Amino acid sequence: MKAPPFRYVRAESVDHALDLLAEHGDDAQVLAGGQSLVPALNLRLAAPKLVIDINGLSALGGIVIAGDSVRIGALARHAEVLTSEAIQGQLPLIAKAMPHVAHVAVRNRGTFGGSIAYADPAAELPACAVALDARFVLQSKRGRREVAAADFFKGLYQTERAPDELLIEAFIPRQRLGFAFAFGEVVRRHGDFAIVGLAAIGRWDGARVQDLKLVYFGCEDRPKLATGAIKVVRERKFDAVAVEAAVAALDRDLDPVGNLLGSAAAKRHIAKTITRRALGSMFRN
Ligand SMILES: Cc1cc2nc3c(=O)[nH]c(=O)nc-3n(C[C@H](O)[C@H](O)[C@H](O)COP(=O)(O)OP(=O)(O)OC[C@H]3O[C@@H](n4cnc5c(N)ncnc54)[C@H](O)[C@@H]3O)c2cc1C
């Protein structure tokens, strides 16, 4: 199929893009890497009247260490994130996840901001962002605001971003000393969207596991923090019994949605298996 007709404008500045978004709102779509938007246009799942190309906006690019955080510009390509020294040194969870995001050709065009704004429930980066307490900067003609990743993802392809807002950048706290992390996913073929995946981070204080985050993707309509399993691990001596208790708690934490990739029961089973592996690799008992 071919895309329905639309007007195309190449934004000349962030202000220009914001003017267009303010004027056209829901009738406009931002074009970043186009790896999700263009297929959606061609399948006529999206039919914006206006497509605003932000690819010329250098202010939205770059990956740099900014104090206690790493700043990732919305237009940073997946390939840049994959090879960035700042990401490898400071955000090892994201470095571990990146090779699982799509394939080389898609990673050469697809952007960090596009993945976040699109909010595919099976995507790796939204879950990593929640696990790492990322903050997203949104800007419109009305002003600029920061939204915590935990509050950003609202449902299937739904986010806190208003139609007139542009995602500018993300700030992700650098991983502190003593933290362990794990990333796991089950896919049919490497580079596909996950059937189910897990982004995990936490710290061993010598007696207990602290600051644990277990965030699942591909399970529900958005990244899901498993609060019950986290509580079980936090409150017990960490051993094989605690791991199994945490795994059992996932029955209450997760309400997987079956789809073409797997039934709800299969997804629950996979979530449990990758949780055992993740906790075992992060905190050996
Ligand atoms: C074959 C294939 C396999 C893939 N596999 C995976 C995978 O395994 N894991 C995965 O996570 N992803 C996968 N993807 C998706 C890929 O990661 C996309 O790059 C990503 O989802 C969207 O990024 P993009 O820059 O291409 O955004 P676009 O397609 O340009 O835009 C996507 C949406 O986000 C909006 N948007 C983009 N940037 C902004 C911004 N700065 N501000 C506001 N709104 C914005 C757009 O308006 C649009 O609605 C795959 C894609 C393909 C084609």
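A polar contact is taken here as a pair of N or O atoms within 3.5 Å, and in this predicted model an oxygen atom of the ligand lies 2.8 Å from a polar backbone atom of Q35. Select the ligand and Q35 to begin, then add G33, where a polar backbone atom is 2.8 Å from an oxygen atom of the ligand, and A102, whose polar backbone atom is 3.1 Å from a ligand oxygen. The ligand taken alone exposes 970 Å², and the protein buries 89% of that area.

Next, widen the selection to the shell around the ligand, to which strand 2 (28-31), helix 7 and strand 10 (166-173) each give two or more residues. The shell holds 30 residues, the closest being Q29, V30, L37, T111 and E124, and by character it divides into 15 nonpolar, 12 polar and 3 charged.

Helix 7 is the next stop, since a look at the shell leads there: this helix supplies the largest share, 4 residues. Helix 7 covers residues 112-118 and includes Y118, which counts as partly exposed because its relative accessibility is 32%, between the limits of 20% for buried and 50% for exposed. Add L156 and Y157 to the selection, and a nonpolar surface patch appears, in which these two residues and Y118 have about 280 Å² of accessible area together.

Finally, move to helix 8 (residues 124-131), which is mostly covered, with 8 of its 8 residues buried. Among the buried residues is E124, already met as one of the residues closest to the ligand. Just after helix 8, stop at D133, which takes a positive phi of about 60°.

Note on methods:
Residues are numbered from 1 along each chain as its sequence is written. This is a predicted model: local features need pLDDT of at least 70, side-chain atom pairs count only at pLDDT 80 or more; totals for chains, interfaces and linings use all residues. Side-chain values use heavy atoms; hydrogens and water are left out. Patches are made of residues with over 30% relative accessible area and no salt bridge: like charges are joined within 9 Å, nonpolar side chains (Val, Leu, Ile, Met, Phe, Trp, Tyr) within 5 Å. Accessible areas come from the Shrake-Rupley method with a 1.4 Å probe; for residues, only the protein chains shown count as cover. A salt bridge is a side-chain nitrogen of Lys or Arg within 4 Å of a carboxyl oxygen of Asp or Glu. Buried means under 20% relative accessible area, exposed over 50%, partly exposed in between (1.4 Å probe, protein chains only). A residue is near a molecule or strand if one of its heavy atoms lies within 4 Å of it. A polar contact is a pair of N or O atoms within 3.5 Å; within protein, one must be able to donate a hydrogen and the other to accept it, and residues adjacent in sequence count only if both atoms are side-chain atoms. Ala, Val, Leu, Ile, Met, Phe, Trp, Tyr, Cys and Pro count as nonpolar, Asp, Glu, Lys and Arg as charged, and the others, Gly among them, as polar.
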